[in-house]
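Colleague: I am new to reading models like this one. Please pick one part, look at it closely, and then work outwards from there.

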Amino acid sequence: NIQLKQSAPPAAQSSLGGAATLATQVSLRKDKDAGSGGRKKIVFIAGKPSHGFGQHEHRAGCRLLAKALNASGLVQADVYAGGWPTDESVLDDADSIVIYADGGAKHPMISNSEHPQSLEHLGKLMHKGVGLVCIHYAVEVPKGPAGDALLDWIGGYFEPYWSVNPHWTADFKQFPDHPIARGVRPFAINDEWYYHMRFRPGMDGVTPILSAVPPASSLARPDGAHSGNPAVREAVQKGEPQHLAWACERADGGRGFGFTGGHFHWNWGDNDFRTTVLNAIVWSAKLDVPADGVPSKTPTIDELLVNLDPKKKPADFDPAKIQKQLDELNK
């Protein structure tokens with residue numbers, strides 16, 4: 001169980017080189033057109049600081065994934081932190097967009113006074129066949145136009161009063177014959193795994209990637225917008241597998257992927273957890289996933305502590321304990 005009661009060291013040296021910055025919008029690319037070498041382009045949208053230490057570390061998580069992708073040589077990955085990019089044009093030549101941010105009404109794709117046409121802008125890119133990957137809270141948007149958009153773009157989403165967001169240990173034992181599952185071994189890990197997602201009718205065009213049966217204890221809370229409802233209780237009572245990560249192929253030729261884990265930053269240190277998402281990002285850009293999955297170096301706890309948002313670190317934080325847990329998971 002890699003879940004800790006956590007809360008950040010001061011901003012550290014960037015895992016991609018250079019000092020980490022607290023600027024609202026951060027591009028890890030000094031020149032938008034430099035260094036791609038003709039590789040496909042992945043744009044990460046990292047959300048604003050959220051939750052406690054080691055939780056919802058959008059910027060640090062995106063930088064860690066981008067570093068691995070760039071090191072693989074398969075794509076050129078750029079990270080923009082602080083939510084929807086101020087300069088929307090950085091998205092226009094993307095082959096896939098990854099959103100790791102708070103969702104609901106705060107979701108970067110929800111149009112507001114800061115970016116009044118973000119949903120429309122994203123829709124135009126989707127209709128061109130650009131890929132879309134949503135991680136953790138970014139799979140949740142309000143029911144209605146935004147929910148319908150995610151159903152179209154990634155095949156499913158977290159619908160309040162239908163889906164739930166408990167913390168539990170999901171045990172993944174089997175995987176489909178799909179490129180995203182390449183190199184992924186059976187694994188079990190504790191996270192805030194959302195489930196009972198709202199999918200397209202008949203799972204049209206949707207392939208479950210990570211599925212597990214949640215325990216009854218995951219519905220210990222009273223019914224509510226995120227905690228329970230009669231339909232999800234019936235599903236769990238019947239032992240129905242819940243899909244926690246899924247791939248989607250769209251009529252416009254684009255590809256989407258939803259991943260409900262990612263609450264605890266330390267979980268990116270689990271090789272199979274991380275490989276699943278790296279594979280999905282590469283697949284979403286319409287590239288071949290290597291036979292053994294996208295290669296990436298296992299990050300140490302010291303590397304995971306880089307680029308965290310400035311949050312208060314709890315007195316009982318024990319990095320050695322986390323490293324030991326990761327070593328055990330990656331055996």
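Modeller: Start with a term: two residues are in contact when heavy atoms of theirs lie within 4.5 Å. Keep in mind that this is a predicted model.

Our part is the loop between β3 (96–100) and α2, where His107 sits. Is His107 buried or exposed? The cut-off for buried is under 20% relative accessible area. His107 has 1%, so it counts as buried. What does His107 touch, apart from its neighbours within four places in sequence? Its contacts are Ile99, Asp102, Ala138, Glu140 and Val141.

Now look at Gly103. It too is found in the loop between β3 and α2. Its relative accessible area is 1%, so Gly103 is buried. Leave out neighbours within four places, and Gly103 is in contact with Tyr137 and Glu140. Glu140 is therefore a partner of both Gly103 and His107, going by the 4.5 Å limit. There is a distance to check as well. Gly103 and His136 are 33 residues apart along the chain, and their C-alpha atoms are 8.5 Å apart.

Next, step along the chain to α2 (118–127). How is a pair of packed helices described? By the angle between their axes and the distance between the axes. For α2 and α3, the axes come within 11 Å and cross at roughly 20 degrees. That angle is why α2 is called roughly parallel to α3. The crossing is left-handed. On the α2 side, the contact is made by Leu119, Leu122, Gly123, Met126 and His127. On the α3 side, Ala149, Asp152 and Trp153 make it. By class, five of these residues are nonpolar, two polar and one charged. Asp152 supplies the charge, as Asp counts as charged.

The spacing within such a list can be checked too. An α-helix has 3.6 residues a turn, so residues three or four places apart point the same way.

Stay with α3, residues 145–154. Why is it described as largely enclosed by the rest of the structure? Because seven of its ten residues are buried. These are Ala146, Gly147, Ala149, Leu150, Leu151, Trp153 and Ile154. What do they pack against? One partner is α2, which we have just met. The others are strands: β4 (131–135), β5 (156–157), β8 (198–199), β10 (242–249) and β11 (255–259).

What follows α3? Gly155 does, and its phi is positive, near 90 degrees. Most residues other than glycine have a negative phi, and most peptide bonds are trans. Two residues here go against that habit for phi. Tyr161 is not a glycine, yet its phi is positive, about 70 degrees. Tyr161 is in the loop between β5 and β6 (168–172). Its relative accessibility is 58%, so it counts as exposed. Met203 is the other case, with a positive phi near 55 degrees. Its place is the loop between β8 and β9 (206–212). Met203 has a relative accessible area of 25%, so it is partly exposed.

Now go to Gln55, in the loop between β1 (40–46) and α1 (58–72). At 14% relative accessible area, Gln55 is buried. Its side chain makes a polar contact of 2.9 Å with the side chain of His263. Gln55 and Asp309 are 254 residues apart in sequence, but their C-alpha atoms are 9.6 Å apart. Leu305 gives another such pair. Its C-alpha atom is 8.4 Å from that of Gly54, with their places 251 residues apart along the chain. Leu305 lies in the loop between α6 (301–304) and α7 (319–329). It counts as buried, at 16% relative accessibility.

Last comes α1 with α5 (residues 271–284). Their axes come within 11 Å and cross at roughly 65 degrees. This crossing is right-handed. From α1 come Leu64, Leu65, Ala68 and Leu69. They meet Arg274, Val277, Leu278, Ile281 and Val282 of α5. Of the residues in this contact, eight are nonpolar, none polar and one charged.

Methods: Residues are numbered from 1 along each chain as its sequence is written. This is a predicted model: local features need pLDDT of at least 70, side-chain atom pairs count only at pLDDT 80 or more; totals for chains, interfaces and linings use all residues. Side-chain values use heavy atoms; hydrogens and water are left out. Helices (H or I, at least four residues) and strands (E, at least two) are DSSP runs, numbered from the N terminus. Buried means under 20% relative accessible area, exposed over 50%, partly exposed in between (1.4 Å probe, protein chains only). A polar contact is a pair of N or O atoms within 3.5 Å; within protein, one must be able to donate a hydrogen and the other to accept it, and residues adjacent in sequence count only if both atoms are side-chain atoms. Axes are lines fitted to C-alpha atoms, for helices over the stretch in contact, and angles run from 0 to 180 degrees between N-to-C directions. Angles under 35 degrees count as roughly parallel, over 145 as roughly antiparallel, 65 to 115 as roughly perpendicular and the rest as oblique. A crossing is left-handed if the near helix is turned anticlockwise from the far one by less than a right angle, and right-handed if clockwise.
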